[in-house]
Amino acid sequence: MKELPESINIQEFSTANQINEVSMAITKAVSGHSTKWISSSRVVAAFAVSDAIKNGVRCRVIPINENKGWEILIAPKNL
């Protein structure tokens with residue numbers, strides 16, 4: 001199993017920019033790349049799960065810092 005890269009912290013980005021970053025990561029996952037993000041927005045986490053399902057990639061969302069942040073893991077289905 002491939003090891004995921006270090007988490008990329010996007011908490012300081014606007015919600016729109018966080019969604020854009022996660023969307024690009026999902027597109028890369030279709031090509032076989034894994035990414036791990038730290039987001040401050042529950043909306044971004046929900047978007048990641050929904051968009052990952054539509055694109056056929058894996059997405060796992062883990063609450064961190066007492067639900068004040070979200071770790072979003074995006075990976076190809078074959079991992």
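How many bridges join β3 to β4, and do these strands run parallel or antiparallel? Hi everyone, let's start there. There are 7 bridges between β3 and β4, and the two strands run antiparallel. One thing to keep in mind throughout: this is a predicted model.

Let me put that pair into its sheet. The sheet is open and has 4 strands, in the order β1-β2-β4-β3, and its pairing is mixed. At the edges stand β1, residues 8-9, and β3, residues 58-64; each has a single partner strand, so one side of each has no neighbour in the sheet. As a general reminder, strands of a sheet pair through backbone hydrogen bonds, either parallel or antiparallel.

Now to β4 itself, residues 69-75. On the β3 side, I64 has G69 as its bridge partner in β4, and R58 stands opposite A75. Strand β2, residues 35-39, also runs antiparallel to β4, and 5 bridges join them. One of the pairings here puts T35 with I74 of β4.

What about the turn between β3 and β4? The hairpin has 4 residues between the strands, and N65 takes a positive phi there, near 50 degrees. That may catch your eye, as N65 is not a glycine. N65 sits in the loop between β3 and β4 and is exposed, at a relative accessible area of 54%.

Back to the strand. How many residues of β4 are buried? The count is 7 of 7, so to speak a covered strand. Both faces are covered: G69, E71, L73 and A75 lie on one side, W70, I72 and I74 lie on the other, and all are buried. In general, side chains in a regular strand alternate between the two faces of the sheet.

One name in that list deserves a second look, and that is E71. E71 is buried, yet it has no salt bridge. Why does K36 not count as a partner? K36 is the nearest side chain of opposite charge, but it is 4.5 Å away, and a salt bridge needs the nitrogen within 4 Å of the carboxyl oxygen. What E71 does have is a polar contact of 3.5 Å between its side chain and that of S7. Setting aside neighbours within four places in sequence, the residues in contact with E71 are S7, K36, W37, I38, R60, V61, I62 and I64.

So where is the salt bridge, by that same 4 Å rule? The count comes to 1, and it is between the side chains of D51 and K54, at 3.8 Å from N to O. These two are 3 residues apart in helix α2, residues 42-55, which places them about one helical turn from each other. Their surroundings are quite a contrast: D51 is buried at 10% relative accessibility, whereas K54 is exposed at 65%.

Next, the nonpolar core. The largest one has 14 residues, and V22, I26, W37, V57, I72 and I74 are those with the most contacts inside it. Helix α1, residues 15-30, helix α2 and strand β4 each supply at least two residues of this core. Nonpolar side chains in soluble globular proteins do tend to be buried together. If you would like one residue to click on, try W37. Beyond four places in sequence, W37 touches I8, I10, E21, V22, A25, W70, E71, I72 and I74. Notice that E71 is in that list too.

Last stop: which segment holds P76? P76 lies in the segment after β4, and it is buried, with a relative accessible area of 5%. The C-alpha atoms of P76 and S34 are separated by 6.6 Å, although the two residues are 42 apart along the chain. Not counting residues up to four places away, P76 touches A29, G32, H33, S34 and R58.

To wrap up with the strand we began with: β4 is joined to β3 by 7 bridges and to β2 by 5, and both of its faces are covered. Thanks for listening, and I'm happy to take questions!

Note on methods:
Residues are numbered from 1 along each chain as its sequence is written. This is a predicted model: local features need pLDDT of at least 70, side-chain atom pairs count only at pLDDT 80 or more; totals for chains, interfaces and linings use all residues. Side-chain values use heavy atoms; hydrogens and water are left out. Buried means under 20% relative accessible area, exposed over 50%, partly exposed in between (1.4 Å probe, protein chains only). Lys and Arg count as positive and Asp and Glu as negative; His and the chain ends are not counted. A polar contact is a pair of N or O atoms within 3.5 Å; within protein, one must be able to donate a hydrogen and the other to accept it, and residues adjacent in sequence count only if both atoms are side-chain atoms. Contact means heavy atoms within 4.5 Å. A nonpolar core is a set of buried Ala, Val, Leu, Ile, Met, Phe, Trp, Tyr and Cys residues joined through side-chain atoms within 4.5 Å. Two strands pair if DSSP finds at least two bridges between them.
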